[in-house]
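Work through these short exercises with the model open beside you. Try each task before you read its solution.

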Amino acid sequence: MSTDEPALQALVDRVRAARVDRTRLAIRGGGSKDFYGEAAQGETLDVTGLRGVSSYEPTELVVTARCGTPLAELEAMLAERGQCLPFEPPHFGRAATVGGMVAAGLAGPPRAAVGGVRDYVLGATLLSGRAEVLSFGGQVIKNVAGYDVSRILAGSMGALGVVCEVSLKVLPRARATATLRFETGQAAAIERMSVWAGQPLPVNASAWWNDTLVVRLQGAMAAVDAAVARLGGERIGADPASAFWVGLREQTDEFFAGALRESQDNPASRLWRLSLPQTTPPLALPGESLLEWGGAQRWLVSAAPVATVRDAAARAGGHATVFRGDKADGVFTSPAPALALIQRRLVQAFDPDGVYAGGRLNRDAPGAG
Amino acid sequence: MNAPPPVDKVDERAARAARQHEVVAALSALLPARCLLWQAEDVAPYECDGLTAYRAHPLVVALPETDAEVASVLHTCHRLNVPVVARGAGTGLSGGALPHRLGVTLSLAKFNRILKLDAAARTARVQCGVRNLAISEAAAPHGLYYAPDPSSQIACTIGGNVAENAGGVHCLKYGLTLHNVLSVKGYTAEGEEVVFGGDALDAAGLDLLPLVIGSEGMLAVVTEVTVKLVPKPQLARCIVASFDDIRKAGEAVASIIAAGIIPAGLEMMDKPMTAAVEDFVHAGYDLGAVAILLCESDGTPEEVAEETARMLDVLTGAGATHVEVSRDEAQRLKFWSGRKNAFPASGRLSPDYMCMDSTIPRKRLADMLLAIAQMETKYGLRCANVFHAGDGNLHPLILFDANEADQLRRCEAFGADILETSVRMGGTVTGEHGVGIEKLGSMCVQFSPEELEQFAAVKRAFDPSELLNPGKVIPTLQRCVEGGKMQVRKGLLPFPELPRF
């Protein structure tokens, strides 16, 4: 990516100036995920001007796009050639951008089967806190030249700088898909998902709520047909199934609508995202739960104290994030001290003057004067 | 009688001996006598890894047996300001485990236990010295396996795989080491325990696992790895396709991908390589072909039948002169045995060979092979080629005789030319073998001075004293200038203030 590009040069100039006059900048794309993470600090740095797909070669299975490119536009372009981002990133609004997708690092329903955002990042161009435009990784699948900096940008929430451009691995869309529904309790659903995941079955996504387990199969036609015959359950029609998975991904379906109502009625109620070892038995926490990723991602609507939820997640070997609701006690779980020290030093290595104020990852901004 | 060595050489030796005495004394307090080597004949086996062209004796070799010993060795080395080079099985191909003359080589060979295999969670927690293949063998009774399969998998360790982000022949479909590891436990240069990743699919805070994986022992010393296990496909079939033209073979690779197929494996060998491996393993390859492709499909029997039929269509349409589908598992393994023995087979062609490892966009495969053919003439050396064609990763094996000084020099120039050509084609200097010591010069071509300086800052965030495997992976800017290899952007040379000759 060349700094001759006016949109990029404008960002470089702005960061350079901020570095000199000690201003803090809050990176913002389409704003679709403004609700997520810690509160932004500083003047808004709008990066939507840097947009467009720089290159797309279907036979190379890679697409390179600037951060301000609308996610919907990118996905439509891939779909035209029968390809997709297999991790089905949530948009949370029409304004969602490619850069925001990488910075938030959130993946949709197929995460457990296909990997997350970072698994598809092949390379990136970063505008660091030193106002340097740096490229890491590339456009090829295998690349171990230098440290894999591009992949740590996934979920970095702006802490390391502006993700100006990113190259992503893409894959052909599955030739066949089928969604099945089963009546089952939570513990049995977790167990069933783990058994199925251990067998050569094309399980691509799963969700459990309200004693119902919904499973999506995806792959070669023969493989999906064979799995449908083997697993049983009730097959859901293509259109309602597709609507269900989109509603789950975008958090517009019944469970999440209920969570929203709950938080309006009760300010202490939060929507938690728990990331746990997949086989963790149901947690004894008050509130309503929806499980995804075979049990590895659990949504909890609860007014339980923050420490109670975090402790339960930590005891199970995972962590808990306040996804929506009162963030006064912090959004993210703090890493262990040795790791937290490395993270702090790493943020300083990219942004010594704290221009980006640690992004929306931490509330104690490192390095800022 | 030999002339006496110059005075500064004598001084250096005396200083090294004194340093050795000091470090041995300090480590003797931490480790049993059997875990410490320093006599020249004892440390000689550690003088190189799989890249034998570079050798050095370490000051001391430490072979700790427990995590506590690793922590205390690191802590003490940090206190004494001694470099530490971690080492697994020593199968690395880029000199990443080349000892430091004034450093401790930390051999983790004794960390060879599988700590926990959880079939329900499909994970295995293993010590870093466990061999790659041993994990799959332990998982086999549960119908599971560990997917990444570098060709050295019978010998290489998972710790080494983590250090290099090792790939193998099935990466396109199953991913690299990174995609198959949940967490690593290790120690910082100061000897502090630290865990990257976790048993969940993501961990709190910045996700540093991708930085540590592939960091060639420069950010932390890894002692434990939790890997994902995946269900073993019920069936796998391999197609061998012959081509009479390099371009047609390259286009066949692109056509398979364009057809929406992600093969479990997709490999290419050129004619000299095919002849070499056929002579070695008798896999039944077509010796008349200019290039052969190995295309594997795996999954349920129905899936494999569907995909194999589609691949055959594409290959025939792309001009394959001959295709053969493995009829059973024995024949499939036979087909692969040739590919997996490409390196040892090359060892019989020539006294020495140097294996390159760059990656290029798939569409440039044929261009690259033709460019290499021209380089053979230019440098007066032969080259046999195997490619992980599915992911564009090349392994040209340059054949030479190390006993002839000029051949090593020409071989290095040949290799550098391949790497620089790869970068120009939009690729990278190393796909899976790592930078180590071997490709330091080429890093100057791929990255700008600012990017190299950012890498160095990343290193210092983990290891402020820069004691873990110093001198590898990230070239100093001075080295780039002296080697005459500088990335030139916008026609301006960086560091105009530095003299050039």
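**Exercise 1.** Into which domains is chain B divided?

*Solution.* Keep in mind that this is a predicted model. Start at the low residue numbers: domain 1 of chain B covers 7-107. Move along the chain to domain 2, at 118-231. Finish with domain 3, at 235-339.

**Exercise 2.** Describe how domain 1 of chain B meets domain 2 of chain B.

*Solution.* Step one is the spacing: the C-alpha centres of the two domains lie 25 Å apart. Step two is the contact, where residues count if their C-beta atoms lie within 7 Å. Domain 1 of chain B brings 15 residues to this contact, and domain 2 of chain B brings 19 residues. Step three is the elements on the domain 1 side. Helix 3 (67-80) and strand 3 (84-87) of chain B each supply at least two residues there. Helix 3 of chain B gives the most, with seven residues. Step four is the class: this side of domain 1 has seven nonpolar, seven polar and one charged residues.

**Exercise 3.** How many residues does each chain give to the contact between chain A and chain B?

*Solution.* Count by chain: 70 residues come from chain A and 80 residues from chain B. Now look at the chain A side. Several elements each supply at least two residues, among them helix 7 (186-197), helix 8 (221-231) and strand 7 (133-137) of chain A. Helix 12 of chain A provides the largest share, seven residues. Sort this side by class to finish: 36 nonpolar, 25 polar and nine charged residues.

Note on methods
Residues numbered from 1 in each chain as written. Chains lettered and ligands numbered in written order. Predicted model: local features only at pLDDT ≥ 70, side-chain atom pairs only at ≥ 80, totals over all residues. Domains from an automatic or database assignment. Contact = placed C-beta atoms within 7 Å. Helix = DSSP H or I, 4+ residues; strand = E, 2+ residues; numbered from the N terminus. Nonpolar A, V, L, I, M, F, W, Y, C, P; charged D, E, K, R; others polar.
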